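This report goes through a structure from its overall make-up to single residues. Please keep the sequence and the model at hand while reading.

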Amino acid sequence: MHAESAVNSGRTARAVAVSVTVMASLGLIAGGVTWAVLSRLSPPELRPLDWWEHCVLYQIHVRSYKDSDGDGIGDLNGVAMRLDHLKDAGVKAVWLSPIFSSPQVDFGYDISDYLEIHYEYGTMADFDRLVAKAHSMGIKILLDFVPNHSSSEHQYFKDSVKRVGEYADYYVWADGFPDPSNASNRLPPSNWESLFGGSMWEWNNVRKQFYLHQFTTGQPEFNLRNPVVVKKLEGIMKFWLDQGVDGFRLDALPHLVEAPPDATGRYPDNPEVPVKAFTHFQTGTTMQLYTKDRIETYPVLYEWRDFLDQYNEEHGGDTRIFLSEGYANISMTMLYYGTESGRRGAHVPFNFDFITMITNTSAARDFAYVIDHWLTYMPFGMTANWVFGNHDNNRMASRFRDTMVDGLLALDMMLPGVAITYQGEEIGMRDGYVSWEDTVDVLACNRGTPDTYLEFSRDPPRTPFHWDDSPNAGFSSAPKTWLPVGLDYRELNLAKQKRDPISHFKVYQKLTTLRNEKTLSHGRLEVGGLSLNTLYLVRHLRGHDTLVLLFNVGKAPDTVRLERLPYLALPATVYTSSTHSMRREGYRIYSQELTLADGEMLVLRGPPVTCY
Ligand code: NOJ
Ligand code: MG
């Protein structure tokens, strides 16, 4: 190459390099400025949510919701009559406690025909009308499905007893062992104790074998190691999906599969413990090592989920979903969502932590811890949910305090994911009083005595809904209702709360309305204690108002300082507050120091966060 042209080309290269650098730097600066401006001005693009991912899900205990025909028992037409209440409350989906034919030993959790409506609740035509009406109002209907056991009155069981064809292996049967002290007696194959009292094994004199029942003797356990049974139950779900239901709440999943027997037919004994207790892990003096939370349970659920996904794919329309019920430790609970390797389980595995881990003496940090606990363990991409009560546990207002009701409702509604309400929570209903004579819950009857039954009874949270102050709280025109109506219904009922300018129901409505804001459906969450007793929860999303919950979970007034609250600029405005709060809607908070009454909650609205 010529010397001069070499010099020239060197210069050219330098000039190109310099201009590229300048342009790149300018580009970076311009990009940075644009980013800074955009981050302040434009809200982020938000992922559209499927209908269930941020819904308010309401549990209807059909027997106690509304009696339409005056027999003292709630029914499907009663539910249909009162769908307007759900609409009014801002509820998007309901799950109905079991409605299938049943001897009602365990109030419908003992199903004698999965394809029929229980006669006290109505007919298939009533059901069709209910689903159609609910759908026309934009409300989804999910059914309670019990795959762990049927009723001993089910034809499957009757055929199993007689060893008819494939039904012979539908349930868990075992020979047991000779009784050395009584030649005509057989001993059960293990020491397993039923959750509802007595041995888990019941002798059947026709088949001359024991059958397994984790709950009452009227609820024989399906043999879910038998793939034919798994498929059969799937077929039942398909039947109801074809009727238009939007999904299922799957009952008692941790009990689906038990440990298998050894070659001699002996089942492993559950470990004995010295102190008698009834918890979700211990029954009397045994730990449920071999009868609960078995790893073999999960593939059964995943298989049903594959079926549901396929159904969704084939039929289109709105997604049908699974809710799953199981009281288990966090790892075993999270497996109900699915596996890290991509198997899917329930869309909504019930989160019972506010029932099992929090009490009316918990401090603010206990609440924060329990919230973080779930969110930390939840697999990536899944949706959280929060349960504060159901038909198996004392009501929220009774477990905590009346003054805490609004704060608990606000927590439910402001946390990310699905907010779950048990019927009556929206008006702060308390447990009803049910005397021993009026007690019908099999668990209380089996385990309790006239002195102890209330420790076990699930009747108090199941007493009828308080519609108004007319006889039987407007629930029924019958002289006697299936469970007595709560004694406090004249002061505490929906009609009154709709009339009163300030009521739990009005707070509930404000909260379900607030859920339409993107800050709650998509925003980030910060939670912690501002003091021993004052809990804070901050939801924030760029470009959208910041929403803050302050909740004094203690029994005394509490003074806190707000500068410790992340992302809240003062003045802030009260969006809604506890019924007993002096700070009403629209009240402005200017001062950093704030004293909250016992149980008081405030929902504050602040400006959007502009920078992080
Ligand atoms: C859980 C249900 O919620 C409860 O009411 C029932 O007794 C058991 N599962 C057994 O089905
Ligand atoms: Mg089972």
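The text below covers the whole chain, the metal site, the cores, two helices and some individual residues.

**Overall make-up**

The model is predicted. The protein has 612 residues, of which 57% are buried. Its secondary structure consists of 18 helices and 25 strands. The C-alpha trace measures about 115 × 75 × 55 Å along its principal axes. Of the contacts between residues at least 6 apart in sequence, 67% connect residues at least 24 apart.

The accessible surface amounts to about 25100 Å², and carbon and sulfur atoms account for 56% of it. The protein carries 58 positive and 75 negative charges, and the mean positions of these two sets are 6 Å apart.

**The magnesium site**

Which residues supply the protein donors of the magnesium ion (ligand 2)? They are Asn-148 through OD1, Glu-221 through OE, His-255 through O, Leu-256 through O and Glu-258 through OE. These donors lie 1.8 to 2.7 Å from the ion. Written along the sequence, the spacing of the donor residues is N-x72-E-x33-H-L-x1-E. Asn-148 and His-255 bring distant parts of the chain together, being 107 residues apart. Asn-148 sits in the loop between β5 (140-145) and α6 (155-161), while His-255 sits in the loop between β11 (247-250) and β12 (272-278). Both Asn-148 and His-255 are buried.

His-255 can also be set against Lys-87, a residue of helix α4 (residues 83-89). The C-alpha atoms of Lys-87 and His-255 are 35 Å apart, with their positions 168 residues apart along the chain. Lys-87 has a relative accessible area of 49%, so it is partly exposed. Apart from neighbours within four places in sequence, Lys-87 contacts Met-137 and Ile-139.

**Nonpolar cores**

The largest nonpolar core has 141 residues. The members that touch the most other members are Leu-96, Ile-99, Leu-143, Phe-248, Phe-354, Phe-367 and Leu-411. Helix α8 (residues 297-315) contributes the most to this core, with eight residues. Another core, of 16 residues, lies apart from it and includes Val-548, Val-560, Leu-562 and Leu-596.

Leu-96 can be followed in more detail. Leaving aside neighbours within four places in sequence, its contacts include Ile-60, Val-62, Leu-76, Val-79 and Leu-130. Leu-96 is also in contact with Ile-141, Leu-142, Leu-143 and Asp-144.

**Two covered helices**

How many of the ten residues of helix α13 (residues 405-414) are buried? Ten of the ten are, so the helix is largely enclosed by the rest of the structure. The buried residues of α13 include Asp-406 and Asp-412, along with Leu-408, Leu-409 and Leu-411. Leu-411 is also one of the core residues that touch the most other members.

Helix α17 (residues 504-514) is mostly covered, with eight of its eleven residues buried. The buried residues of α17 are His-504, Phe-505, Val-507, Tyr-508, Gln-509, Leu-511, Thr-512 and Leu-514.

**Backbone details and loop residues**

Most residues other than glycine have a negative phi, and most peptide bonds are trans. Lys-208 has a positive phi although it is not a glycine, and Asn-472 likewise has a positive value in a residue other than glycine. The table sets out the values for these residues.

| Residue | Phi | Loop | Relative accessibility |
|---|---|---|---|
| Lys-208 | about 60° | between β9 (201-204) and β10 (209-212) | 48%, partly exposed |
| Asn-472 | near 55° | between α15 (453-456) and α16 (494-499) | 17%, buried |

Asn-472 counts as buried because its relative accessibility of 17% is under 20%.

The peptide bond from Leu-570 to Pro-571 is cis, with omega near 0°. Pro-571 belongs to the loop between β21 (558-561) and β22 (572-577).

Is Ser-435 buried or exposed? With 13% relative accessibility, Ser-435 counts as buried. Ser-435 is placed in the loop between β17 (418-422) and α14 (442-447). From Ser-435 to Asp-459 the C-alpha to C-alpha distance is 9.7 Å, and the two are 24 residues apart in sequence.

Methods:
Residues are numbered from 1 along each chain as its sequence is written. Chains are lettered from A and ligands numbered from 1 in the order in which they are written. This is a predicted model: local features need pLDDT of at least 70, side-chain atom pairs count only at pLDDT 80 or more; totals for chains, interfaces and linings use all residues. Side-chain values use heavy atoms; hydrogens and water are left out. Helices (H or I, at least four residues) and strands (E, at least two) are DSSP runs, numbered from the N terminus. Buried means under 20% relative accessible area, exposed over 50%, partly exposed in between (1.4 Å probe, protein chains only). Contact means heavy atoms within 4.5 Å. Accessible areas come from the Shrake-Rupley method with a 1.4 Å probe; for residues, only the protein chains shown count as cover. Lys and Arg count as positive and Asp and Glu as negative; His and the chain ends are not counted. The place of a charge is taken as NZ of Lys, CZ of Arg, CG of Asp or CD of Glu. Donors are N, O and S atoms within 2.8 Å of the metal (3.2 Å for Na, K and Ca); water is not among the atoms, so sites may look incomplete. A nonpolar core is a set of buried Ala, Val, Leu, Ile, Met, Phe, Trp, Tyr and Cys residues joined through side-chain atoms within 4.5 Å.
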